[in-house]
Structure formats: structure tokens, C-alpha cells
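Me: Please take a close look at the empty space in this model, its cavities and pockets, and set it out as one connected account.

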Amino acid sequence: ATVSAWDLGYISATECLVQLDRTLAILQKLPRYRGHLFNWYDTQSLVPLAPLYVSTVDSGNLLGYLLTVSAAVSAVADDTPLIDRRFRDGFSDTLDLFEREAAPVMASLGRDSARDFRRDVRRLHAHLEETPKDLGASGAWLQSIASELTLLATRLHDAQDRVRHEDAKVGSAAWWLDAAASMVAERRREVAAFIKSPEAVRTGHQELVSRIVTAANQFLDTTEMDFLFDRDRHLFAIGYNVTEGRRDTTFYDALASEARLASFLAIAMRHVSQEHWFKLGRLMTPVGHQRALVSWSASMFEYLMPLLIMRSYPRTLLNETYEAVISRHIEYAEGLDVPWGISESAYAVQDGGGDYQYRAFGVPGMGLKRGLADDLVVAPYASLL
């Protein structure tokens, strides 16, 4: 998420590297079992919570993300604070979200307020297209953008004083405007530091990269996979209960599973043989004029989660599955008049302790699990996948 935020222009290179460094510093403090993080920790004390459990899919995801981060940080460190298309696009996204929330508020105050607001936003968008030629010009350009944002903040504050009741959109608009201002402030700091001493900024970035890669490699080098793998079945178990000292008796046996990233990495890292990949089931089902691999619950999580970092190749079984699954999810959701994005999620049932329950939800006809048509839960993260 942090690397993507940099890649999409929402945070600077320095902010990206600092956040990654802090995250990995905390991960290194967490108690582990044979290199694996446990499923649950107390977020204040960092003490693992019972039952101590290692999840195959979660460990596979973590290793995949650590490899991705290791490959990405060099490009992040080489990024200069020049105002480029990446920053302008990211800032424009944030400005659009502010405008969406603020426009109805301004419209409620009358035609003149709405017109003046639209004019200010258009002027700022036009300013974004004026690319600074060098770092010196970037500082002045960012200063002018900050001034434009201050003007918009004043208009929003005045509007808040004039509306008759507390409008939720005012608060939301202010949040996005603050986010835009933070982006500009962070980039101004980075530009100023680079102008003052480019050597220090480069050196600083490389130190962060070295710590990040060292920490990531430590996880990759010490994580054992053998105790999760059944060599008779050539399959990974769901996980391992450390408290009870036993491996689960159920296995990930389908290619259409969120655990295929763990399988892919275990093969690539020479923990298991390639034979394992071909032990993963490939049961098919028709989806309209297409076909798709059957999964356990036909959730977005199973089908799309590995694609966050794995490549997809045209004219392959997996690629055909992705297209068919997304089409079917859209069709199913439209028929029920809900957003599409059905996956495993917490839902509106609580246990005796008041904790919300969590389980898999999916689309009927593509999953082996029974009763998929009985419930309907849309998960926001699945819509975003």
C-alpha cells in the first residue's frame, strides 16, 4: 500500500521510505515461530494472542509483499523531488475528491458562491498543468499551490459558518483539503532539503533502503515452510496451531485459492518442488460463454488477492478465470441491486463477547461451499480489488 501510494503520487519518496522503515522495524519486534508472524497480537504490548497460530496464506502474502518492497525501494530512492506527472496526478485525484464533497455545500449557499468556488478550483487545476522547469522553480510553484489551497480553505470555513446545521460533507471536504495541503507541504520539505544538500538526501535514502532490504531479507531467509507442507499430499495445510503443537488437517488443494501466492513463492524459494503446483485442483465451471476455475467460496479474495503482486498472462486458464469471475460478480450484484465485491468479511452477527463474526461469502455457482445464496455481504476491500 505504501509503495502504491508513492507510485500513484500521493506521498513523496522520503515519506514512502520512512513509513516502510518504521513498519519493518515494528515487524522485527514481533515474536515469531520458525520465522512466521502469528495471526494475532496485542497492538499495545505486541504480545501474541492465544491461540498462537501460523496461517499459510497470510505468511505467503507477507513474503510476497516483502519481495515486492525489496524490488521497489531502489526505484523509490532514485526518485527526485521534481514536480512530475506522478505528483500532479496524485494531487489532482485528491483535489477532485475535495471538489466532490465541497460542491454541494457551496451550491446550497447560492449561485454566486458556487460560481466562485468552481472558478477557484478550475484555476488550481490549470495551475497543475504548468510544469516547473527545475527544482528552484518547483519551490515557487508549490508555494503558489499552497496559497490557492489556503484560499479554498477560507471559502470552506466561511461556508461552514453560514450553513444552518452541521453538514457531514463539510467535514469530509475539509479532510480532503487537508490531505492535499499535506501533500504539498511534504513535497516542499523534500524540495528544500534536496536544494540544500542533494548528497545528504541521496545518502539518507540509501540508508533507509539498506535497512528496509536487510529487514525484508531477514524475514525471507528465516521463514520455514516445511512444517506447513504435507509431502505425501504435496499440499499446504491451512495453518499450524503453535499452542497445541499440531498442523491443521485441512489443506489448500485448489488453484483458485488465495494461497496460490504462498505456493508460488514456496516453489520459487526452493522450499517445495514444482510438482506441488500441479497438485492444485483445476475443477472448471461454465460462466455464461466463458469458463472459470471453481474455488471454495467464489469470493473476490480467493480469485484476486494474489493478483496484487502476481502477473497475469493472456490466454491462460487463470486469466480466463479472472475475466469470467469479475463478469459474474458484476452480473450477480446488479441482479440484487447492490455494489459488486462479495468476499470474506466481518458481518452483522456477534458472539457472546460482542465481537463481530467473520466468514467467507461468495457468488453461487462458482464455489464448492454450500449456502452461498443464503447471505449477501459486500466487502469494500473486495470492491477495490
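Reply:
**Cavities and pockets**

The largest cavity has a volume of about 50 Å³, a cavity being a set of points on a 1 Å grid over the protein atoms alone where a 1.4 Å probe fits but cannot get out, and a volume being the space filled by probe spheres set on points joined across faces, edges and corners. The model is predicted, with local features needing pLDDT of at least 70 and side-chain atom pairs 80 or more, while totals for chains, interfaces and linings use all residues. Residues are numbered from 1 along each chain as its sequence is written, and side-chain values use heavy atoms, without hydrogens or water.

Lining this largest cavity (an atom within 4 Å of a point) are Gly 9, Tyr 10, Ile 11, Ser 12, Glu 15, Phe 87, Met 183, Glu 186 and Arg 187. The largest share of that lining, 3 residues, is supplied by α7 (168-196), helices being DSSP runs of H or I with at least four residues and strands runs of E with at least two, numbered from the N terminus. By class, the lining has 4 nonpolar, 2 polar and 3 charged residues (Ala, Val, Leu, Ile, Met, Phe, Trp, Tyr, Cys and Pro are nonpolar, Asp, Glu, Lys and Arg charged, the others polar).

The structure holds 2 cavities of 30 Å³ or more, and the second largest encloses about 40 Å³. Around this second largest cavity stand Gly 35, His 36, Leu 37, Ser 59, Leu 62, Leu 63, Phe 219 and Thr 223, with β2 (36-37) and α3 as the elements giving two or more residues to the lining. Here α3 gives the most, with 3 residues, and the lining divides into 4 nonpolar, 4 polar and no charged residues.

Turning to the pockets (open sets with protein on both sides within 12 Å along at least five of seven lines), the largest has a volume of about 770 Å³. Its lining counts 28 residues, of which Ile 238, Tyr 252, Glu 258, Trp 296 and Glu 344 lie nearest the centre. At least two lining residues come from each of β3 (53-55), α3 (56-77), β8 (251-252) and α10 (300-304), and the lining divides into 17 nonpolar, 6 polar and 5 charged residues.

The second largest pocket contains about 620 Å³; of its 18 lining residues, Ala 1, Thr 2, Tyr 65, Leu 66 and Val 69 are closest to the centre. Two or more residues of this lining are given by each of α1 (2-7), α2 (13-29) and α3, with α3 making the largest share, 7 residues. The lining of the second largest pocket comprises 12 nonpolar, 5 polar and 1 charged residues.

Technical notes:
Contact means heavy atoms within 4.5 Å.
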